[in-house]
Amino acid sequence: MAGPVFVAGSSVRAGQAASAGYQSTTPGSLAEVVIRRLDYRPYLLRALEVKDDPEVRSVVALRDQAGVLVPRLLYPGKPTADQGRRISHAVFDLPADLPTSSTITAFGDGVVNLGLVGAMGLLGVWVLVLDGVFRRVAGAASVSGYALRIALLETAFDTAPPPILQLATAVRTLCAVGVVLMLLATITRGRRRIIASPTLPRPLSATARTPAGASPVRSPP
């Protein structure tokens with residue numbers, strides 16, 4: 001599912017840029033553009049080049065990223081999370097009014113905020129956390145267990161946003177999935193109660209079997 005959604009998103013972004021009067025900086029067919037967008041090396045190299053720029057540091061400040069974790073219900077004045085658009089302007093010199101979103105990758109974000117050693121440490125801890133949670137739910141043979149594993153894999157393979165924004169996205173995804181699973185469980189539980197009949201014979205339990213020494217009673221054919 002991720003492939004078609006990514007291609008559709010690329011097409012929408014290209015259409016928005018064209019309608020705003022901007023030509024794509026990566027000419028070619030849509031497939032070629034998508035392949036180039038999947039290569040994050042230029043974004044990371046650009047982050048290493050501008051890691052000491054004060055404007056870039058302010059755009060990816062950790063305090064602003066941490067605000068994403070606070071629900072707007074508890075923080076009504078929370079600013080809009082438009083880090084991707086601000087990165088496009090501050091890091092890649094794109095026009096501020098261009099409706100686009102860019103990334104410097106999770107590692108690049110860590111380098112700008114924490115330096116090279118700090119970025120390696122932060123991503124190392126993030127990988128260990130994801131691995132630990134995945135191993136804990138690996139044996140859960142249930143719909144919720146499978147859903148959680150899929151969400152964790154999606155978070156692990158998505159290296160574009162920084163860990164804090166990944167965490168916020170994962171929490172929102174799990175909350176939405178949890179609500180859907182609770183509704184499905186409630187609906188199916190009600191259906192099971194309607195379908196179940198109290199007059200149906202119940203199978204004998206292990207404690208209700210024929211006592212030792214007694215001959216079993218067979219039903220007539």
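Biologist: Is T105 buried or exposed?
Modeller: This is a predicted model, and T105 lies in helix α7 there. Its relative accessibility is 7%. Buried means under 20%. T105 therefore counts as buried.

Biologist: What is the phi of T105?
Modeller: Most residues other than glycine have a negative phi. T105 is a residue other than glycine, yet its phi is positive. The value is near 70°.

Biologist: Which helix meets α7 at T105, F107, G108, V111 and V112?
Modeller: Those residues in α7 are met by Y43, L44, A47 and L48. These four residues lie in α3. By class, the contact has seven nonpolar, two polar and no charged residues. The helix asked for is α3.

Biologist: Are α3 and α7 roughly parallel or roughly antiparallel?
Modeller: Two packed helices are described by the angle between their axes and the distance between the axes. Helix α3, residues 41-49, packs on α7 with the axes 8 Å apart. The angle is about 5°, and angles under 35 degrees count as roughly parallel. The pair α3 and α7 is therefore roughly parallel.

Biologist: How do α7 and α8 run, roughly parallel or roughly antiparallel?
Modeller: Helix α7 spans residues 105-136 and helix α8 spans residues 143-157. Their axes come within 10 Å and cross at roughly 165°. Angles over 145 degrees count as roughly antiparallel. So α7 and α8 are roughly antiparallel.

Biologist: Is the crossing of α7 and α8 left-handed or right-handed?
Modeller: The two axes cross at roughly 165°. The hand of the α7 and α8 crossing is left-handed.

Biologist: Which residues in α8 meet W126, L130, V133 and F134 in α7?
Modeller: By class, the contact of α7 with α8 has seven nonpolar, one polar and one charged residues. On the α7 side are W126, L130, V133 and F134. On the α8 side are R149, L152, L153, T155 and A156.

Biologist: How far apart in space are R135 and R149?
Modeller: R135 lies in helix α7. At 61% relative accessibility, R135 counts as exposed. R135 and R149 are 14 residues apart in sequence. From C-alpha to C-alpha, the distance is 9.2 Å.

Biologist: How many residues has the largest nonpolar core?
Modeller: In soluble globular proteins, nonpolar side chains tend to be buried together. The largest nonpolar core here includes A47, V50, V56, V59 and V60. I87, A90, V91, I104 and V112 also belong to this core. The count is 10 residues.

Biologist: Which helices each supply at least two residues of this core?
Modeller: One such helix covers residues 54-59 and another covers 83-90. The helices are α4 and α6.

Biologist: What does core residue V60 touch, not counting residues up to four places away in sequence?
Modeller: V60 is one of the residues of the largest nonpolar core. The core residues I87, I104 and V112 are among those it touches. In full, V60 touches Q65, Q83, I87, I104, D109, V112 and N113.

Biologist: Where is V91, and is V91 buried or exposed?
Modeller: V91 sits in the loop between α6 and α7. Beyond four places in sequence, V91 touches R46, V50, V56 and I104. The C-alpha atoms of V91 and V59 are 32 residues apart along the chain and separated by 9.2 Å. With a relative accessible area of 1%, V91 is buried.

Biologist: Is D93 buried or exposed?
Modeller: D93 also has its place in the loop between α6 and α7. D93 has a positive phi of about 60° although it is not a glycine. Its relative accessibility is 59%, and exposed means over 50%. D93 therefore counts as exposed.

Biologist: How far apart in space are P79 and G67?
Modeller: P79 lies in the loop between α5 and α6. At 56% relative accessibility, P79 counts as exposed. P79 and G67 are 12 residues apart in sequence. Their C-alpha to C-alpha distance is 8.4 Å.

Biologist: How many helices and strands are in the protein chain?
Modeller: From the N terminus on, the elements run α-α-α-α-α-α-α-α-α. The protein chain has nine helices and zero strands.

Biologist: What share of the 221 residues is buried?
Modeller: Buried means under 20% relative accessible area. In the protein chain, the buried share of the 221 residues is 22%.

Conventions
Residues are numbered from 1 along each chain as its sequence is written. This is a predicted model: local features need pLDDT of at least 70, side-chain atom pairs count only at pLDDT 80 or more; totals for chains, interfaces and linings use all residues. Side-chain values use heavy atoms; hydrogens and water are left out. Axes are lines fitted to C-alpha atoms, for helices over the stretch in contact, and angles run from 0 to 180 degrees between N-to-C directions. Angles under 35 degrees count as roughly parallel, over 145 as roughly antiparallel, 65 to 115 as roughly perpendicular and the rest as oblique. A crossing is left-handed if the near helix is turned anticlockwise from the far one by less than a right angle, and right-handed if clockwise. Contact means heavy atoms within 4.5 Å. Ala, Val, Leu, Ile, Met, Phe, Trp, Tyr, Cys and Pro count as nonpolar, Asp, Glu, Lys and Arg as charged, and the others, Gly among them, as polar. A nonpolar core is a set of buried Ala, Val, Leu, Ile, Met, Phe, Trp, Tyr and Cys residues joined through side-chain atoms within 4.5 Å. Buried means under 20% relative accessible area, exposed over 50%, partly exposed in between (1.4 Å probe, protein chains only).
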